[in-house]
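Q: I have not seen this structure before, so could you walk me through it?
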Amino acid sequence: MTADDRDLPLPKGDRNGNPTGIGLLRLLAEDLRTHAGDLFEQGFWAVAVHRFGNWRMGLPRLVRPPFTLAYRFLFKWVEWTCGITLPYTTRLGRRVRIWHHSGMVLHARSIGDDVHIRHNTTFGVARREQNRRLPVIGDRVDIGCGVCLLGAVTVGPDSVIGANSVVLIDVPPGSLVVGVPGRVVRTNVPADAS
């Protein structure tokens with residue numbers, strides 16, 4: 001994402017944003033396997049409600065209202081009982097694992113495939129007048145407990161964000177970030193890239 005793209009309008013949520021090439025039931029089955037097959041895993045509930053919220057947007061407008069009502073109820077239920085806010089307008093990749101519950105606000109432009117997220121994590125805006133500037137999390141990112149990713153930061157694929165880090169800058173692929181404010185302490189560069 002370029003600096004010019006960071007202020008683009010957010011997705012309207014007017015279409016099904018689930019990953020393509022896989023139906024809702026197969027996607028939910030994959031998400032359940034990702035959460036160790038535990039139907040009582042609260043991270044799975046948040047992801048399942050997110051998937052349902054997107055799926056309903058693929059229905060004809062005339063039959064959508066009862067599904068929208070159900071989605072809104074389930075979304076609030078997950079917020080209240082699990083402490084996880086994951087709006088359906090956040091583009092969510094496949095096999096995303098939310099390891100813990102409570103204190104999680106996951107409002108990003110996108111979260112890639114095979115991302116692991118732990119409790120007390122916040123993805124969101126850095127300043128109230130910059131509501132379009134949301135994080136982009138690449139594939140296979142491992143996010144520790146208590147992490148804040150704020151503003152229009154891009155976290156490159158295969159990165160690790162250490163516990164309690166506050167990330168306000170872009171993170172190159174394959175990096176380890178720690179601290180407040182977060183700083184890159186190591187980057188793994190593939191041997192064939194030199």
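A: One definition helps at the start: two strands count as paired if DSSP finds at least two bridges between them. Please also keep in mind that this is a predicted model.

Q: Okay, then which residue in β15 is the bridge partner of V177?
A: The bridge partner of V177 in β15 is V184. This belongs to a set of four bridges that join β14 to strand β15, residues 183-187, and the two strands run antiparallel.

Q: And what does the hairpin of β14 and β15 have between its strands?
A: There are four residues between the strands of that hairpin, and G179 takes a positive phi near 100° there.

Q: Which way do the side chains along β14 point?
A: They alternate along the strand: S175 and V177 point to one face and are buried, whereas L176 and V178 point to the other face and are not buried.

Q: Which other strand is joined to β14, parallel or antiparallel?
A: Strand β12, residues 160-161, is joined to β14 by two bridges, and these strands run parallel. In that pairing, V160 has L176 of β14 as its bridge partner.

Q: You mentioned V184 earlier; which nonpolar patch on the surface is it in?
A: V184 forms a nonpolar patch on the surface with L168 and I169, and together they have about 240 Å² of accessible area. Of these, I169 lies in the loop between β13 (166-167) and β14 (175-178), and it counts as partly exposed because its relative accessibility is 44%.

Q: Switching to sheets, what is the order of the open sheet of five strands?
A: The order is β1-β4-β7-β10-β13, with parallel pairing. Strands β1 (84-85) and β13 stand at the edges with a single partner strand each, so one side of each has no neighbour in the sheet.

Q: How many bridges join β1 to β4?
A: Two bridges join β1 to strand β4, which covers residues 104-106, and the strands run parallel. Within this pair, I84 stands opposite M104 in β4.

Q: What about the open sheet that four strands form, what is its order?
A: That sheet has the order β2-β5-β8-β11, and the pairing is again described as parallel. Its edge strands are β2 (91-92) and β11 (154-155), each of which pairs on one side only. Strand β8, residues 136-137, is joined to β11 by two bridges, and the two run parallel; the bridge partner of V136 in β11 is T154.

Q: Moving on to charges, how many salt bridges does a search of the whole structure find?
A: The search finds nine salt bridges. As general background, side chains of opposite charge can pair when their charged atoms come close.

Q: Which residue forms a salt bridge with R97, and how far apart are the closest N and O atoms?
A: R97 forms a salt bridge with E41, and the closest N and O atoms are 3.8 Å apart. The pair links distant parts of the chain, since R97 is in strand β3 (residues 97-98) while E41 is in the loop between α1 (24-34) and α2, 56 residues apart.

Q: Are R97 and E41 buried or exposed?
A: Both R97 and E41 are buried.

Q: What about R95, which side chain does it meet in a salt bridge?
A: The side chain of R95 meets that of D114 at 2.7 Å, N to O. This pair also links distant parts of the chain, with R95 in the loop between β2 and β3 and D114 in the loop between β5 (110-111) and β6 (116-117), 19 residues apart. R95 is partly exposed, with a relative accessible area of 27%, and D114 is partly exposed at 26%. R95 and D114 are also linked with E30 and R94 in a network of salt bridges.

Q: And which residue forms a salt bridge with E79?
A: E79 forms a salt bridge with K76, with the closest N and O atoms 2.8 Å apart. Because they are three residues apart in helix α3, E79 and K76 are separated by about one helical turn.

Q: Last one: which side chain of opposite charge is nearest to R64?
A: The nearest is D14, 8.2 Å away, and R64 is buried yet has no salt bridge. A salt bridge would need a side-chain nitrogen of Lys or Arg within 4 Å of a carboxyl oxygen of Asp or Glu. R64 is found in the loop between α2 (42-56) and α3 (65-82), and, leaving aside its neighbours within four places in sequence, R64 is in contact with R56, M57 and L59.

Methods. Residues numbered from 1 in each chain as written. Predicted model: local features only at pLDDT ≥ 70, side-chain atom pairs only at ≥ 80, totals over all residues. Heavy atoms only, no water. Buried < 20%, exposed > 50% of the residue type's maximum accessible area, 1.4 Å probe, protein only. Lys, Arg positive; Asp, Glu negative; His and termini not counted. Contact = heavy atoms within 4.5 Å. Patch = residues over 30% accessible without salt bridge, like charges linked within 9 Å, V, L, I, M, F, W, Y side chains within 5 Å. Areas by Shrake-Rupley, 256 points an atom, 1.4 Å probe, with all protein chains shown as cover.
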